[in-house]
Structure formats: C-alpha cells, structure tokens
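Me: I would like a close look at one part of this protein, namely how its helices pack against one another. Please set that part in the context of the whole fold, and work through it residue by residue where you can.

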Amino acid sequence: MTPLDLATPAGLTIALTPDLVLMGGAMLLMLWAAWRPDGASHQRAVGFGSAVLLVATIVVTILFARAGRTATTGAVAVDQFRWSSDLIFLGSALITVLLSIEYNDRESIGTAETHVLLLFATSGMMLLAAARDLIIVFLGVELMSIAVYVLAGLNRRSAKSAEAALKYFLLGAFSTGFLLYGIALIYGATGSVQLPAIGARVLRYGLFTNPMLLVGIALLMVGFLFKVAAAPFHMWAPDVYEGAPTPVTAYMAVAVKAAAFAAFLRVWLEAFNLVAGAWHTALWNVAVLTMLVGNLVALQQKNIKRLLAYSSISHAGYVLVAVVVASAEGSGAFVFYLVAYALATMGAFAVVAAMSRSGERDLMVEDYAGLWFVRPGTAVAMTVFMLALLGFPVFGGVGFFAKWYLLRAALDASNPQILLAVTLVLTSVVSAGYYLAVVKEMFMRARPADAPEPPRTGIMTRSLIGVLAALILVLGLFPDRLVSWAERSAQALPSATVVDVPVQP
C-alpha cells in the first residue's frame, strides 16, 4: 500500500486523478457539442466521444485500484470501496451512453449535450463515492442531481418528460434542504464536517444522546432516503421513471441509486458508527416498509416502466438491509448486490428501450405477449433479467447469490437480524408475482394477430442486451472473483457498534 498525503496539492491531485480525467474530458466535449448545430450525426459523434472518455476513465480507475494507494486522513477517500463504486457508476454511464445514441436517433433527439450531462452527473457520483467530508457530499449530490433533472426532461416534445423533470426538480430541491439542515446541525453538535472527525468527537465528548446531533442524523437520513427512493420517500420515482427517456430511467434506477447508497453507507459507518443505537431501529423500519411497499404495489402495475420503478424501490429496501447490518460482511454484500442489481436493471431497461416505438409507445406489459415467437433472443434475455431481479437460482445467475449474500450477512451479524431476513425472503417470493408475469406474457401467451411487429433493434442495443445477460449467467456460475472483489472493497469501511438494540422495533 502506498500512502498519499492529501494535505499537499500534489497528493490531492493524484487522489482525484480519475475524477479530473472525466471532468476535464466532459468540459472539452461540452465545447465540442456546443460548437456545431444539433443533428443526428453530431449527436452520435459526441456520444461515441463520451463512450471513449468513459472507457479511458475506467482504465485509469482500475490502474489506481491495482496500485493500492491509500489515505487515512483528508476530505477524500482513497480506498477500494471508492474505486469499486466508481467502476459501477462508470459502467452504468457507458451502457447509458451507448443506449442513448440509438434511442436519440429513433426519438429524433439531436441534442448532443445530453451525453455530456451524463458525464457531469457521473463525475458528481464519483465525488460522492470519494467524499469523507459532508460539504463534498453536498457538492457531489448537487452536481449529480442538477444534471439528472435536465436529463429527465430531455424529450421536450413529451409532456410526460416535462412533468417528470419538474416533479424531480421540486422534490429533489426539497430533499436537499433536509441534507443541508442535517449537515448544519451535525456541524453545530460536533464542530466538524469531516466524517472521521465527527466519529472521534462523538466519542471524545460523549455526544451519544446529544439532541442536536440526533436531529441532524435524522434529517441527513431523510435526504439520503429520498435519493435512493426508499419508502415513504419514494412517491416521486414511478412518475419520474415513467416520464423520463428510457436510457435516462435506467441510469437513474442504477447509477443515481448506487451513488446515493455509496455515500449513505460511508457516512453512516465512518461518522455515525458509534451512535448506531440511535438510527438502527428507524432504518430497520424503513427497510421493511420499502420492501413491502415496492413489491406489493408492483403487483398492480401494467406499465413496464412503472413496474420496474417499483421493482427498483423494493431493491432499495434489500440494499438497506446491508446498511442496517452495518458490518464488514454487510458492506461486502452491499457491493456485490449493487453489481448484480446494476447488470439486471440495465439489461431490463435496455429491452424496454429496444421494444418501445417512437414516442415511448408499447410500454404495457401486455405488449410483450408472444415475444418469444417473434424475437426469441430478446425474450430469453428479458427472462434472465427478470429472474436475476427475482433472485432465482441458476437461471437468475448472479442475482441469486446477491440475495443469498445479503441473507447471510443479516443472519451472521453480531446482532442477528432474523426478522429482517425473513421479510427479505417473503417479499422476494411476492416479487415473483410481477417478474414471472412478464415472463408468462412473453412465452405463454399468443401474440395478437393485429399486434405490430416489434421495432428493429440497433446493433449496439442488441449487443448490450446479449452481453449483460451473458454476464449475469457467467457470474452466477463463477461468483468467487466477484465475492473476493466485494470483500476487499468492504475492508475500507468500519463496522457499526449496535448496543442493546432489539432485533425488531
């Protein structure tokens, strides 16, 4: 391990090199995007340039991860958890850009700046993963959110897209107020905004029951729970996911959620691990409520994007189990689950993008009736994605091991979360009702005689669907390397101290 001195400009610059590569490249691409008039060819060119920049940033991030550089102090984390999180964000952004190139052509969206906005949003996510300072957390949230607000309203000819952008902006701004007030109160109670210093001062000054600190933690929790669309702060997600362009919806469901969770876990375990007794019960209740609401309401959905939106809410509840457990094994399960969830959700939305017609038509579950008879490859891939989200053995690939890893972390915790594990299993069984309903439509219902032929899918979209389905299956057969990688990532985070907290509220 090579330590970095973040107190020097050189050390801080080295620590932020992957972020600077992406931000610097995004600024250059922004100038290029604005230099020429909007059009299909320019949009594609900037899109491919964005994809190249993302691949370059992925390579730089991998090199930094392999170099083993560390920093135990400073406002920026230099550890394996940061690099692992960055790779999830960058991979999701790359898939989104490649989907968007063909999607924008079909929807006649010639605005090249859309790809640049994705890059800026991803750079905000990388800041969130690196932040060990609450001010940097706020900057990362704002950089990510402002770009995504615009992306949600990308299709200016769609009233639903405009509605999605407005709802997301108004509710997002409201949730940001909770974050800021929480940060202010935490600073007032501890005199610091740096995560390790907050934890140290809580111990030094005995702030375990300090009212200002506890209210600050509660407000900060609300802000994060909004960003991850956890119940009861989830009401914006279905409408925004339905109205936003499908590639942007995929990006929001995967990358935005993963970034908020990465910051959430680091803040909670580095700053508030010694006061876990104060937030454990509240977060336990939110996790249970989120799993129940997401799965039960998803059963009623007929629109595939709204169905996947509630699916995303339920998975936020599953990931919250790892935060509640607050152990090294839970952190490893957290990283593993995010990878599996990202692959399956990105794949499912790629199929939705491939199947929908211009103007976001054919988005009802019944529109997938008999897909096996006309697009067998797409039907098989969608089945893999649905079974992975369900956590089905073998055919669900890595999705099964993701839920198994979470269950093991919950049951092996120092304070075993038995009831939470039971809730996870039961709600997963409930989710079969809507995931398998999509599979049933594709394979067990005849395609109506008057149903139009599914649209022709571009080569990039087809390739992405195939690669994502193959990765899910291969990682399901050989999960050991991914497990080892997730465990190494988790070593950077401490465990929480939960004392005298009951298993259930």
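**Helix packing and the aromatic residues**

Reply: A convenient place to begin is the aromatic cluster formed by Tyr149, Tyr168, Phe169, Phe226, Trp236 and Tyr241, with the caution that everything described here comes from a predicted model. Two members of that cluster, Trp236 and Tyr241, also take part, together with Val240 of helix 10, in a contact with Thr249, Met252, Ala253 and Lys257 of helix 11.

The geometry of that contact can be stated as follows. Helix 10 covers residues 236-243, and its axis comes within 8 Å of the axis of helix 11, the two crossing at roughly 135°. Because angles over 145 degrees would count as roughly antiparallel and those from 65 to 115 as roughly perpendicular, helix 10 is oblique to helix 11. Sorted by class, the residues that make the contact of helix 10 with helix 11 are five nonpolar, one polar and one charged.

Helix 11 also carries one half of an aromatic pair. The structure as a whole contains 19 aromatic pairs, and one of them joins Phe224 to Phe264 in a stacked arrangement, with 5.2 Å from centre to centre and 10° between the planes. Phe224 belongs to helix 9 (residues 211-227) and Phe264 to helix 11 (residues 246-270), so that the pair links distant parts of the chain, 40 residues apart. Phe224 and Phe264 are both buried.

The packing around helix 4 makes a useful counterpart, since this helix meets two partners that can be described in the same terms. Two packed helices are described by the angle between their axes and the distance between the axes. Helix 4 (residues 80-106) packs with helix 14 (residues 328-355) at an angle of about 0°, their axes being 11 Å apart, and the two helices are therefore roughly parallel to each other. On the helix 4 side this contact is made by Phe81, Ser84, Ile88, Ser92, Ile95, Thr96, Leu99 and Arg106, and on the helix 14 side by Phe334, Val335, Leu338, Val339, Ala342, Met346, Ala350 and Ala353. The class division for the contact of helix 4 with helix 14 is twelve nonpolar, three polar and one charged.

With helix 5, the axis of helix 4 comes within 9 Å and the crossing is roughly 170°, which makes helix 4 roughly antiparallel to helix 5. Here Arg82, Ser85, Asp86, Phe89, Leu90, Ala93, Thr96, Val97, Ser100, Ile101 and Asn104 of helix 4 meet Thr114, His115, Leu118, Thr122, Met125, Met126, Ala129 and Ala130 of helix 5. The residues of the contact of helix 4 with helix 5 comprise ten nonpolar, seven polar and two charged. Thr96 is named in the contact with helix 14 and again in the contact with helix 5.

Individual positions in these helices add some detail. Ser123 lies in helix 5 (residues 113-130), and its relative accessibility of 1% is the reason it counts as buried. Apart from residues up to four places away in sequence, Ser123 touches Leu22, Met23 and Leu143. Thr345 is part of helix 14 and likewise counts as buried, at 5% relative accessibility. Setting aside neighbours within four places in sequence, Thr345 is in contact with Ala253, Val254 and Leu389, and Ala253 is also among the helix 11 residues that meet helix 10.

A further buried position is Ile186, in helix 7 (residues 159-190), which has a relative accessible area of 0%. Once neighbours within four places in sequence are left aside, Ile186 is in contact with Leu134, Gly191, Ser192, Ile198, Leu213, Gly216, Ile217, Leu220 and Phe272. For a sense of distance within the model, the C-alpha atoms of Ile186 and Gly91 are separated by 34 Å, with these positions 95 residues apart along the chain.

Finally, the whole fold gives these contacts their setting. The protein has 20 helices and two strands, and its C-alpha trace spans about 75 × 55 × 40 Å along the principal axes. A compact globule of 505 residues would have a radius of gyration near 23 Å, and the protein, at 22 Å, agrees with this. Buried residues make up 61% of the 505 residues. Of the contacts with a separation of 6 or more, 82% are between residues 24 or more positions apart.

Note on methods:
Residues numbered from 1 in each chain as written. Predicted model: local features only at pLDDT ≥ 70, side-chain atom pairs only at ≥ 80, totals over all residues. Heavy atoms only, no water. Axes fitted to C-alpha atoms, helices over the stretch in contact; angles between N-to-C directions. Helix = DSSP H or I, 4+ residues; strand = E, 2+ residues; numbered from the N terminus. Parallel < 35°, antiparallel > 145°, perpendicular 65-115°, else oblique. Contact = heavy atoms within 4.5 Å. Nonpolar A, V, L, I, M, F, W, Y, C, P; charged D, E, K, R; others polar. Buried < 20%, exposed > 50% of the residue type's maximum accessible area, 1.4 Å probe, protein only. Phe/Tyr/Trp six-rings, centres within 6.5 Å; stacked < 30°, edge-to-face > 60°. Rg over C-alpha atoms; globule rule 2.2 N^0.38 Å.
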